[in-house]
Protein chains: 2
Amino acid sequence: MEEGTSKSLTHPEGTDRPGCGPDDEYRARQWDVREGCEVRQILDRVADKWSLLAIALLDCRELRFTELRREIDGISQRMLTVTLRQLERDGLVRRTVHAVVPPRVDYALTPLGATLHETIHALVGWTEEHQDEIAAARAAYDARARCPDGA
Amino acid sequence: MEEGTSKSLTHPEGTDRPGCGPDDEYRARQWDVREGCEVRQILDRVADKWSLLAIALLDCRELRFTELRREIDGISQRMLTVTLRQLERDGLVRRTVHAVVPPRVDYALTPLGATLHETIHALVGWTEEHQDEIAAARAAYDARARCPDGA
DNA sequence: CAGTATCCCCAGTGATACTG
DNA sequence: CAGTATCACTGGGGATACTG
């Protein structure tokens, strides 16, 4: 691990990309693409299907464990617990335990989590917005696969 | 489970929101959360770690198979192929085969893929921007776990 | 170079049972 | 209600070999 960690994060701009346009201030090239690096780890976390749904659902409200479980269709108790713990550890979700006889635990986004929510909401919005196009693309692809001649 | 999860996995006809609180404005903007629905499927696809990286890396350039493989650190040939095929099928990536002796295949984002790229780029940007906060949150969480009395 | 085909493993996940 | 603990299993994904 001592080997790759000191590798330069910036990619050499020497290699020219034809068709890329003049904007050389390529921000996408600058992120650390090494496996196991911080960004990759976080991406894996926030891009997790359950994390995504939990954050999207929490929005700006507090929800109880069971409420989340009911709202995130298909999630198991275990995965909800695991997901929530990870999000809490990452400082994205705040966990509030109420010392009452029937245990009550509320989950809410932290300010940091709220900023992520905006991005995730955009992703969900994109998905809703383009689902028809994707469905069409899939149909076209499958049709093309059946007709190798490409008609 | 034979339990009362009577929500059908089929496409939701109409805008019925089972169990959705009518008095709550936040739930009103909720998307279709049913497992197996179109949005969930697409989300799982685009939120995939490899898809995410491929789209982020592709940006507006064409890249060859090997280039992508080299840039996406840690991906196996198999997963790159699989990922690229899925993205192509979803209409997010265009695959161009050049009929030359050493086979050459270029991958590029479609216009649809480009719109997704913007969202994904925002997600990556968020990750870069907040990685320190997350690292700090993790450290704090772990420290808290070690000191149970630190209520 | 750019795949496809195969085998195979294990980590993530669900199911179940128990507890505070 | 909100977990924790345990077990069992599946399929995601890596490694390898082969092909056009």
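User: Which strands of chain B does helix H5 (residues 77-89) lie across, and at what angle does it run to S2(B)?

Analyst: In this predicted model, helix H5 of chain B lies across S2 and S3 of chain B, running at about 110° to S2(B). Helix H3 (residues 49-58) of chain B lies across S1, S2 and S3 of chain B, at about 90° to S3(B).

User: What makes S2(B) and S3(B) a pair of strands?

Analyst: Two strands pair if DSSP finds at least two bridges between them. S2(B) and strand S3 (residues 104-109) of chain B have six bridges, in the antiparallel sense, so the criterion of at least two is met. Within this pairing, B:Val97 stands opposite B:Val105 in S3(B).

User: Why do strands S1 (63-64) and S2 (93-98) of chain B stand at the edges?

Analyst: The open sheet of three strands in chain B has the order S1-S3-S2, with antiparallel pairing. Strands S1 and S2 of chain B each have a single partner strand, so one side of each is left without a neighbour in the sheet.

User: Why is A:Cys37 called buried, and why is B:Cys60 called partly exposed?

Analyst: Buried means under 20% relative accessible area, and partly exposed lies between that limit and the exposed class, which is over 50%. A:Cys37 has a relative accessible area of 8%, so it falls under 20% and counts as buried. B:Cys60 is at 38%, so it falls in between and counts as partly exposed. In chain A, 43% of the 151 residues count as buried.

User: How many disulfides does the structure hold?

Analyst: Over all chains there are zero disulfides. The criterion is a pair of cysteine sulfur atoms within 2.5 Å.

User: What makes the relation of chain A to chain B that of a two-fold axis?

Analyst: Chain A superposes on chain B by a rotation of 180° with 0.0 Å of shift along its axis, at an RMSD of 0.2 Å. That is the relation of a two-fold axis. In chain A, the C-alpha nearest the axis belongs to A:Ala47, 2.4 Å from it. The same surface serves both copies, as 92% of the contact residues of chain A recur in chain B.

User: What are the elements of chain A, and which part carries a UniProt annotation?

Analyst: Chain A has five helices and three strands, in the order α-α-β-α-α-β-β-α from the N terminus on. An unreviewed UniProt entry annotates residues 37-135 of chain A as "domain: HTH hxlR-type". Over those residues the chain is 65% helix and 14% strand, with the end C-alpha atoms 34 Å apart.

Notes: Residues numbered from 1 in each chain as written. Chains lettered and ligands numbered in written order. Predicted model: local features only at pLDDT ≥ 70, side-chain atom pairs only at ≥ 80, totals over all residues. Heavy atoms only, no water. UniProt positions renumbered as here; feature names shortened; annotations may be inferred. Helix = DSSP H or I, 4+ residues; strand = E, 2+ residues; numbered from the N terminus. Contact = heavy atoms within 4.5 Å. Axes fitted to C-alpha atoms, helices over the stretch in contact; angles between N-to-C directions. Buried < 20%, exposed > 50% of the residue type's maximum accessible area, 1.4 Å probe, protein only. Least-squares fit on C-alpha atoms with pLDDT ≥ 70 in both.
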